[in-house]
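Please look through this note with the structure open beside you, taking the points in order and finding each place in the model as you read.

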Amino acid sequence: MWIILLFSLSLVLTISVVVTRNNRIDRGGYYLLIITATVLLCLRYGQGTDYLAYEDIYREIADGRADRVHGEVGWVLLNELCHRVGISFFQMEAFLSLLEMVCLHRCIRRFSPMLCLSFLLFLPTFWFTYYCSALRQAVVLAIFLGFGIELLVRRHYFLYCLITLILMTFHVMAVALLILPFAIELFPKTRKGYLVVFALFV
């Protein structure tokens with residue numbers, strides 16, 4: 001129910017901003033949405049198809065059976081570290097959720113002229129699909145949104161590749177992000193060129 005309410009609220013606010021072109025409504029509505037979504041994400045339990053499976057992985061690692069866990073080494077080490085310092089899976093995931101939402105906020109504020117619309121587009125794709133369920137992929141995509149895009153725009157490719165290699169220890173799919181610096185340099189630095197790079201990545 002709360003997912004439907006959040007989506008409906010974001011839709012209403014986006015339509016209001018498009019109709020009125022009022023920047024104050026856009027900013028105020030966006031902060032209402034981002035704060036609400038952050039609280040819901042951090043306090044959820046068992047939401048998403050993979051949440052409980054990741055909790056089981058945490059328990060396996062906590063019980064000293066990390067060798068039975070199929071997963072990238074970065075995720076295993078994070079779970080091991082949290083267990084050793086007394087952080088429960090719920091607390092670990094709440095912290096990761098907060099980090100992911102901060103990264104989203106940083107990306108939207110940095111690159112989007114329409115805040116509510118950006119949040120609305122993000123909600124059914126990233127938030128429902130990855131942030132609520134695919135926990136390892138969510139970390140990769142969040143760091144890419146929050147820091148990777150800016151590094152690409154500034155052409156800080158070495159740091160971008162270094163961060164991507166670290167993200168690969170959380171999910172191997174991050175290897176696809178290594179293509180982007182080469183694609184950006186290969187195609188013309190025009191709007192059409194960036195659209196081609198985006199299409200290739202998607």
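The points below concern a predicted model, and they go from a helix to charged pairs, a loop and a cavity.

1. Helix 2 is a good place to begin. This helix runs over residues 23-43, which makes 21 residues, and from its first C-alpha to its last it reaches 30 Å, close to the 30 Å expected at 1.5 Å a residue. Its buried residues are Asp26, Gly29, Tyr30, Leu33, Ile34, Ala37, Thr38, Leu41 and Cys42.

2. Glutamate 100 deserves a careful look. This residue is found in helix 5, which covers residues 89-111, and although glutamate 100 is buried, it has no salt bridge. The nearest side chain of opposite charge belongs to arginine 44 and is 6.0 Å away, whereas a salt bridge requires a nitrogen and an oxygen within 4 Å. Not counting residues up to four places away in sequence, glutamate 100 touches Leu41, Tyr131, Leu135, Ala138, Val139 and Ala142; Leu41 is also one of the buried residues of helix 2.

3. Which residue forms a salt bridge with arginine 44? The partner is glutamate 93, and the closest N and O atoms of the pair are 3.1 Å apart. Arginine 44 sits in the loop between helix 2 and helix 3 (51-62), while glutamate 93 belongs to helix 5, so this salt bridge ties together parts that are 49 residues apart in sequence. Both arginine 44 and glutamate 93 are buried.

4. The structure holds seven salt bridges, and another of them joins aspartate 56 to arginine 59, with the closest N and O atoms 3.6 Å apart. Here both residues lie in helix 3, three residues apart, which is about one turn of the helix. Aspartate 56 counts as partly exposed because its relative accessibility is 41%, and arginine 59, with a relative accessible area of 44%, is partly exposed as well.

5. A further salt bridge links arginine 110 with glutamate 150, the closest N and O atoms being 3.7 Å apart. Since arginine 110 lies in helix 5 and glutamate 150 in helix 7, the pair ties together parts that are 40 residues apart in sequence. Is each partner buried or partly exposed? Arginine 110 counts as partly exposed at 40% relative accessibility, whereas glutamate 150, at 10%, counts as buried. These two residues are linked with Arg106 and Arg154 in a network of salt bridges.

6. Alanine 174 lies in the loop between helix 8 (157-167) and helix 9 (179-186), and it counts as buried because its relative accessible area is 0%. Leaving aside neighbours within four places in sequence, alanine 174 is in contact with Val140, Thr164, Leu167 and Met168. The C-alpha atoms of alanine 174 and threonine 164 are separated by 6.4 Å, although these residues are ten residues apart along the chain.

7. The last point concerns empty space inside the model. The structure holds one cavity of 30 Å³ or more, and the largest cavity has a volume of about 40 Å³. Its lining is made up of Ile143, Phe144, Phe147, Gly148, Leu151, Tyr160, Ile163, Thr164, Leu167 and Leu177. Helix 7 (135-153) and helix 8 each supply at least two residues of this lining, and the largest share, five residues, comes from helix 7. Among the lining residues are Thr164 and Leu167, which are also in contact with alanine 174.

Notes. Residues are numbered from 1 along each chain as its sequence is written. This is a predicted model: local features need pLDDT of at least 70, side-chain atom pairs count only at pLDDT 80 or more; totals for chains, interfaces and linings use all residues. Side-chain values use heavy atoms; hydrogens and water are left out. Helices (H or I, at least four residues) and strands (E, at least two) are DSSP runs, numbered from the N terminus. The expected span of a helix is 1.5 Å times one less than its number of residues. Buried means under 20% relative accessible area, exposed over 50%, partly exposed in between (1.4 Å probe, protein chains only). Lys and Arg count as positive and Asp and Glu as negative; His and the chain ends are not counted. Contact means heavy atoms within 4.5 Å. On a 1 Å grid over the protein atoms alone, a cavity is a set of points where a 1.4 Å probe fits but cannot get out, and a pocket is an open set with protein on both sides within 12 Å along at least five of seven lines; lining residues have an atom within 4 Å of a point. Grid points are joined across faces, edges and corners, and a volume is the space filled by probe spheres set on the points.
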